[in-house]
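Here is a set of short exercises to work through with the model open beside you. Try each task before you read its solution.

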Amino acid sequence: MFRNYIKIAWRNLWKHKTDSAINVIGLCIAFTSALLLLLSVSYEFSFDKFHTSAANIYHLYFKTERPRQTELSNSMPAPLMPTLKAAYPDVKYAVREVRSSGIIRYKDKKISQKITYTDSCFFRMFSFPIIKGNASGPLSGLNGIVLRKGAAKAVFGNEDPVGKTVEMQMGNGWLPFTVSAVTDDFPDNSTFKFDVVTRFENFDFYKQAATAWDSRFHDVYIQLNDKVSGKSFEAKLLSFVNQYFAEDINKLKRDGAHPDKDGQYIRLALQPLLDMHTNPEINSGDSINKSFLYLLASVAFLIIAIACINFINLSIGKSFTRSKEIGLRKTMGALKNQVVIQFWAEALLICFIAFIISCAAVYFLMPHYKLLFDLNISRDMMLSPKAWVFIMIGFFAITLIAGGYPAWLMSRFNTVQVLKGKLSVSRSNKLRNSLITFQFIIAVLLISCTIISWQQVHYLRTRPLGYNTSQVISVPITGDISPAQALQLMRNKLASSPFVESISGIYDNLGTGTDGSSRTSITGFDYKNREINSNWMGVSYDFVKTLGLKLVEGRDFSTAFATDSNAVLINEEMAKEIGEKQIVGVKLPVDSAKPVTVIGVVKNFNFKSLRKKIDPLTLVLDKNFSINYILVKVKPTNLQASMAFIKDTWKSISPEGDFKGSFLDENVNRQYTREEKLMEVFSIGSVIAIALSCMGLLAMAILIISQRTKEIGIRKVLGASVSAIATLVTKDFVLLVLVATLIASPIAWYAMGQWLKSFAYRISISWHVFLAAGLLSVTITLLTVSFLSIKAALANPVKSLRTE
């Protein structure tokens, strides 16, 4: 019987080729788009799930109630982890972690590697399998290191690395380390990315900060015992915070901070490991906001919804042309459930054909999709059993919704009324109009979001930042050369260059450089019985000149003043924090034994992303803040030639180091890659939504005009003009689009308003956006429907009136 249903379904599909093609193409586009987007979302939510104990591992962070705002920070003091582990038996393992980069030397090889400094139980907490060497305690010795398989291959080639000695650059010297183990390469969906792992005690800053509770510079991870929940343990940490951070709490009270709802000024909170990748508010680096992923999923479901609406509308529309068939079937004894199965079989066949084509399209389009949206998915994800379970559940759900409802509706037709030709269509028209309106609500919503996201990205790219981004090249210092030596050699070699205007150096990069590194240093001190916190940035001479900053008061650093090694430049925001009328000459007790002197104030500039407001900033000539990047301001005449010249100069002083220089405007733009991808997703989603909606409109217009052929013929005979008949057909569709615009506009305004709140500097949403989205939708609707309506109006009425 089922085979008979499929056979009849195939014949009907072949008979109505146009409608079938529209359904198959629409569903194919929808399935392909949704599969790609949902696979991307699934990948981003899969981070770190490969760790065996992932559900019990937590990342620590401070939640501090400052006088002006709540501050979240994952930087921890060095003594916190061992003290916490000793105080709470609920903690099974605890590790500190700090990431850096350095040079590994073996024989005549020198290779730059990503280094993770951590504690001895790191490989017991996290599931990075040891494939060679000491699997039980690879970090038991202070001079032991663990290499990733790929890094071991790069350093040792085909040699067995276990037990061999390499040297790592530590500060200005080289220290020997023994390879104790090799771990397998980690999967792409890992938060931890390293080449070399060694003990935390080997980190340069550890010795001077080992017992300092006021110096925070690393992350801490803990694994709780199986029966301990994160929330219950977090509550236990309140007494720990009150004991070890009492001085900080007293300062917050003194400065007028307000406690949270539980009366706490500082909390030591737990972030589940599985939430780290989707929480950029706490974690920098390669994190992605959950809202972005939910938007991707929403676009996928909205596209599927439009395709399903098309299917439902066309199925219901065709039911009136097949009403006599249904009546005859029921007269000949067909039961209601048999009619349902027959029409559902047709829907199943269409969906199945579209699904097979979509799977093939996803497989072949995936590499191009990855490049376009910079989303890490692989073809292997499609082949996993878990993915196929969800895909098949989704497929049958869509088939039941899109095909089941029209089939059920047609099975309820009154047999006598159908055979008499008195079938009522008013109720179905209401449903059809509602579904078309919903389609265009989605289309207008996506168009509005596209326009707003484009405006915000354009604003982020073009807003003046307060410093020169187009002429300044940032060169990361890499290779076997000290920062101070590298900067001085570059000064010497570029002093007489016709391409270069000035040279300086900086501790942290501005924007996101090609090396991907990011550093932040915040220093707090008491000034006149209140705490002041400031971003602390190490710079070199000519910094103000190189970046084109504006001095509001005082002067820049100068080699003519030996005392400038104990002087600072501050921005206007820091000057407000200090609160003195005469700011130049003020001594700041950062170090009570040796206060620093303010020699100048620079105009505020956006040294961070425009997602954040400008914070207090202090610029220092301090040897503790090494120069990690050389800034070269070049003349604007030939920027490409200048970049090539800087690259050649760098390679001449550091042959082993990679050149990763980039213009600051490129660095700034890299900060907004996610926003650009969001805009692209909305843009393509809008195009797909509009295309599918137009396909549905086209098919519905064909059906409606075919049903009203006699009416149009009679109107022409009675003297109706072509424009009057064309208007008769198109006005209903235009009205539905206008209603959709009125509904979609406030939804888009609210949704994008929430997204814009994540930026300290943002556009204001104008009503022109929604007017443009509405006009675009109306125009596309008119172009889609008008051709058919004019064609119907020009048809010979004699032919339409003699059809029967």
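## Exercise 1: Salt bridges

Arginine 461 is partly exposed, at a relative accessible area of 42%; here buried means under 20%, exposed over 50%, and partly exposed in between, with a 1.4 Å probe and protein chains only. Before going on, note that this is a predicted model, in which local features need pLDDT of at least 70, side-chain atom pairs count only at pLDDT 80 or more, and totals for chains, interfaces and linings use all residues. Residues are numbered from 1 along each chain as its sequence is written, and side-chain values use heavy atoms, with hydrogens and water left out.

Task: find the residue that forms a salt bridge with arginine 461, and say which parts of the chain the pair links.

Solution:
- Step 1. Apply the rule: a salt bridge is a side-chain nitrogen of Lys or Arg within 4 Å of a carboxyl oxygen of Asp or Glu.
- Step 2. The partner is glutamate 676, with the closest N and O atoms 2.2 Å apart.
- Step 3. This pair links distant parts of the chain, 215 residues apart: glutamate 676 is in helix α21 (residues 673-707) and arginine 461 in helix α15 (residues 426-462). Helices (H or I, at least four residues) and strands (E, at least two) are DSSP runs, numbered from the N terminus.
- Step 4. Glutamate 676 counts as buried, at 16% relative accessibility.

Task: describe the salt bridge of aspartate 184 and lysine 149.

Solution:
- Step 1. Their side chains meet at 3.6 Å, N to O.
- Step 2. Aspartate 184 sits in the loop between β9 (173-183) and β10 (196-199), while lysine 149 belongs to helix α5 (residues 149-156), so look for the two ends of the pair 35 residues apart in distant parts of the chain.
- Step 3. Aspartate 184 is partly exposed, at 27%, and lysine 149 is partly exposed too, at 39% relative accessibility.

Task: which residues are linked with Glu71 in a network of salt bridges?

Solution:
- Step 1. Start from the bridge between the side chains of glutamate 71 and arginine 66, at 3.4 Å, N to O.
- Step 2. Add Glu531: Arg66, Glu71 and Glu531 are linked in a network.
- Step 3. Glutamate 71 is partly exposed, with a relative accessible area of 25%.
- Step 4. As a check on your own search, the rule gives 23 salt bridges.

## Exercise 2: One face of a helix

Task: decide where the buried residues of α16 lie and what they pack against.

Solution:
- Step 1. Helix α16 spans residues 483-494, twelve residues in total. From first C-alpha to last, α16 reaches 16 Å, close to the 16 Å expected at 1.5 Å a residue (the expected span is 1.5 Å times one less than the number of residues).
- Step 2. The buried residues in α16 are Ala486, Leu487, Met490, Arg491 and Leu494.
- Step 3. Looking down the axis of α16, these buried residues fall within an arc of 135°, so they line one face of the helix. The arc is that of the directions from the helix axis to the C-beta atoms.
- Step 4. They pack against β14 (500-506), β22 (629-634) and α19 (639-653), where contact means heavy atoms within 4.5 Å.

## Exercise 3: Two lysines with positive phi

Task: where are lysine 107 and lysine 528, and are they buried or exposed?

Solution:
- Step 1. Recall the background: most residues other than glycine have a negative phi.
- Step 2. Lysine 107 has a phi near 55°, a positive value, and is placed in the loop between β4 (91-106) and β5 (109-118).
- Step 3. Lysine 528 has a phi near 50°, again positive, and is placed in the loop between β15 (522-526) and β16 (531-538).
- Step 4. Lysine 107 is exposed at 63%, and lysine 528 is exposed at 61%.

## Exercise 4: A buried asparagine

Task: list the contacts of asparagine 667, leaving aside neighbours within four places in sequence.

Solution:
- Step 1. Find asparagine 667 in helix α20 (residues 664-670).
- Step 2. Asparagine 667 counts as buried, at 0% relative accessibility.
- Step 3. The contacts of asparagine 667 are Ser474, Asn509, Leu510, Gly511, Thr512, Gly513 and Ser662.
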